[in-house]
Amino acid sequence: MLKKTFKAIDRSFLFVEEWSLFVAVVIALVTAMANVVLRKLTSDVSLYWSDEVVRKVIFFSTYIGCVAAVRSRSLIRIDALPQLMPVLKKPLTLFSHLVVLLFSGVMVNLGWQMTMMMYQDEYARTTTLQIPEWYFYIVLPIMGGMMFVRTLIVMVEDWRGKTEITGEN
């Protein structure tokens, strides 16, 4: 039962990660390319808002990429000590997971507070497009929650000694 639940959560998170990152990068790429083409082909036409779009996409993709990094076990960690003393591999891996859980909890808490602060401020809008800033800040608690769940899944995989849930080797 737990394995099926984890697999379903993993598949849904993977779908959200892949498609949201794909759509965000396509939007940034098309916007930036259109701005470059307009600047080169005309002397006075430019998309004044394209830089803002690209900045917001980088912000978004960085945080959603953190969730994907947990799944692929690509987070930064020091691995020299476990190579020198293999007996420390499991405790240090557990410590690493606990730190990620702490970080994701902080992201949920502080991200939610920042989102509410931006939501309550009627003047908190992007500079050129005038989009409410809380739309972008809501990514923080969502990312924190997804990271927390993903880390729990990875911890269960490590505890069982296999990567059977997500299907990775």
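## A polar contact at Glu-157

The side chain of Glu-157 makes a polar contact with the side chain of Arg-73, at 2.7 Å, in what is a predicted model. Glu-157 has its place in helix 6, and because its relative accessible area is 2%, Glu-157 is classed as buried, the cut-off for that class being under 20%.

## The enclosed cavity

Arg-73, the partner of Glu-157 in that contact, is also one of the residues that line the largest cavity. A search of the whole structure finds one cavity of 30 Å³ or more, and the space in the largest cavity comes to about 100 Å³. Its lining is made up of Ala-69, Val-70, Arg-73, Ser-74, Leu-75, Arg-77, Ser-96, His-97, Val-100, Thr-151 and Val-154.

At least two residues of this lining are supplied by each of helix 2, helix 4 and helix 6, and it is helix 4 that gives the most, with three residues. Sorted by class, the residues around the largest cavity divide into five nonpolar, four polar and two charged.

## The largest pocket

Turning from the cavity to the pockets, the largest pocket holds about 790 Å³ of space. It is lined by 26 residues, and those closest to its centre are Arg-77, Lys-89, Leu-92, Thr-93 and Ser-96. The elements that give two or more residues to this lining are helix 3 (80-84), helix 4 (89-120) and helix 6 (139-160), and the largest share, eleven residues, comes from helix 4. When the lining of the largest pocket is sorted by class, there are 14 nonpolar, eight charged and four polar residues.

Two of the residues named here, Arg-77 and Ser-96, also appear in the lining of the largest cavity, and helix 4, which gives the largest share to the lining of the largest pocket, likewise gives the most to the lining of the largest cavity.

## The second largest pocket

The second largest pocket has a volume of about 200 Å³, and of the 13 residues that line it, Ile-27, Val-53, Lys-56, Val-57 and Phe-136 lie nearest its centre. Two or more residues of this lining come from each of helix 1 (2-41) and helix 2 (50-71), with helix 2 giving the most, five residues. By class, the lining of the second largest pocket consists of nine nonpolar, two polar and two charged residues.

Definitions and conventions. Residues numbered from 1 in each chain as written. Predicted model: local features only at pLDDT ≥ 70, side-chain atom pairs only at ≥ 80, totals over all residues. Heavy atoms only, no water. 1 Å grid on protein atoms, 1.4 Å probe; cavity = no way out; pocket = protein on both sides within 12 Å on 5 of 7 lines; lining within 4 Å. Points joined across faces, edges and corners; volume = space filled by probe spheres on them. Helix = DSSP H or I, 4+ residues; strand = E, 2+ residues; numbered from the N terminus. Nonpolar A, V, L, I, M, F, W, Y, C, P; charged D, E, K, R; others polar. Buried < 20%, exposed > 50% of the residue type's maximum accessible area, 1.4 Å probe, protein only. Polar contact = N/O pair within 3.5 Å; in protein donor to acceptor, adjacent residues only side chain to side chain.
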